Amino acid sequence: MDETIIVIMLKDKQTGFLEKELCSYHLGEQQNMMLNIYAEQIEQKMTVFMKLTCECDVEDWEYNAILDYYDMETVKPFVDSIEELEEEYNPVWLVTFPFLENQQEMEQKLCTILQAHQKELYSVYEVIAEKKDDYIE
């Protein structure tokens, strides 16, 4: 598999346009669990908005089961906020956290968040594997 580089762009809060590249990162295999990422200047600090998702499409019953069993508290220690977003095809969680100027520190932060998300998601997959009948009417 080719190595993927993730770029965090600064998004203009007023126009919604991506204005400039802040930095790029190598994230490894967990990058498949990131739907998108950008940063916004909020007051005097730069805040990163990252959408976490599943690495593949899920069935309708799995969508609800994943949201029911996913414990956002496992990711919460690494971010400022986490919330479920329902307008996406697959389960999605929006996390926010401060942008770090140091490239290595930021890359490590991104990897830590993605690893925590992946670990929780994989544990959810194990739990819901036997619950298909509970979700199909």
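In this predicted model, Cys56 counts as partly exposed, with a relative accessibility of 42%. The cysteine sulfur closest to that of Cys56 belongs to Cys54, and the distance of 6.8 Å is too far for a bond. Cys111 offers a useful counterpart: this residue is buried, at a relative accessible area of 14%. For the sulfur of Cys111, the closest cysteine sulfur is in Cys23, 13 Å away, and that is again too far for a bond. The structure as a whole holds zero disulfides.

Confidence in the prediction is a helpful thing to keep in mind here. The protein chain has an average pLDDT of 92, and 98% of the residues reach at least 70. Among the elements, the highest mean pLDDT, 97, belongs to β6, while α3 has the lowest, 86.

The N-terminal part of the chain is a good place to start with the strands. Strand β1 spans residues 5-11 and shows alternating side chains. Ile6, Ile8 and Leu10 point to one face and are buried, whereas Ile5, Val7, Met9 and Lys11 point to the other face and are not buried. β1 runs antiparallel to strand β2 (residues 18-26), and seven bridges join the two. Together they form a hairpin with six residues between the strands. Within that turn, Gly16 has a positive phi of about 80°. Across the pair, Ile8 stands opposite Cys23 of β2.

Ile8 also has a prominent place in the interior. The largest nonpolar core holds 38 residues, and those touching the most other members are Ile8, Met50, Val75, Phe97 and Leu110. Two or more residues of this core come from each of β1, β2, β3 (34-42), β4 (45-53), α1, β6 and α2. Helix α2 gives the largest share, nine residues. Beyond the residues up to four places away in sequence, Ile8 touches Lys20, Glu21, Leu22, Cys23 and Tyr25, as well as Ile37, Tyr38, Ala39, Val48, Phe99, Met106 and Leu110. There is also a second, separate core of five residues, and its members include Tyr38, Phe49, Leu85 and Val92.

Helix α1 covers residues 60-69, and its buried residues are Trp61, Tyr63, Ala65, Ile66 and Leu67. These buried residues pack against two strands and two helices, namely β5 (81-85), β6 (92-98), α2 (103-128) and α3 (132-135).

Strand β6 in turn contains Leu94. Leu94 is buried, its relative accessible area being 14%. With neighbours within four places in sequence left aside, the contacts of Leu94 are Phe49, Met50 and Lys51, together with Ser81, Ile82, Glu83 and Leu85. Leu94 and Cys111 lie 17 residues apart along the chain, and 16 Å separates their C-alpha atoms.

A last detail concerns a loop. Gln31 lies between β2 and β3 and is nevertheless buried, with a relative accessible area of 11%. The side chain of Gln31 makes a polar contact of 2.7 Å with the side chain of Asn32.

Definitions and conventions: Residues numbered from 1 in each chain as written. Heavy atoms only, no water. Buried < 20%, exposed > 50% of the residue type's maximum accessible area, 1.4 Å probe, protein only. Helix = DSSP H or I, 4+ residues; strand = E, 2+ residues; numbered from the N terminus. Contact = heavy atoms within 4.5 Å. pLDDT = per-residue confidence, 0-100. Pairing = 2+ DSSP bridges. Disulfide = S-S within 2.5 Å. Core = buried A, V, L, I, M, F, W, Y, C linked by side-chain atoms within 4.5 Å. Polar contact = N/O pair within 3.5 Å; in protein donor to acceptor, adjacent residues only side chain to side chain.
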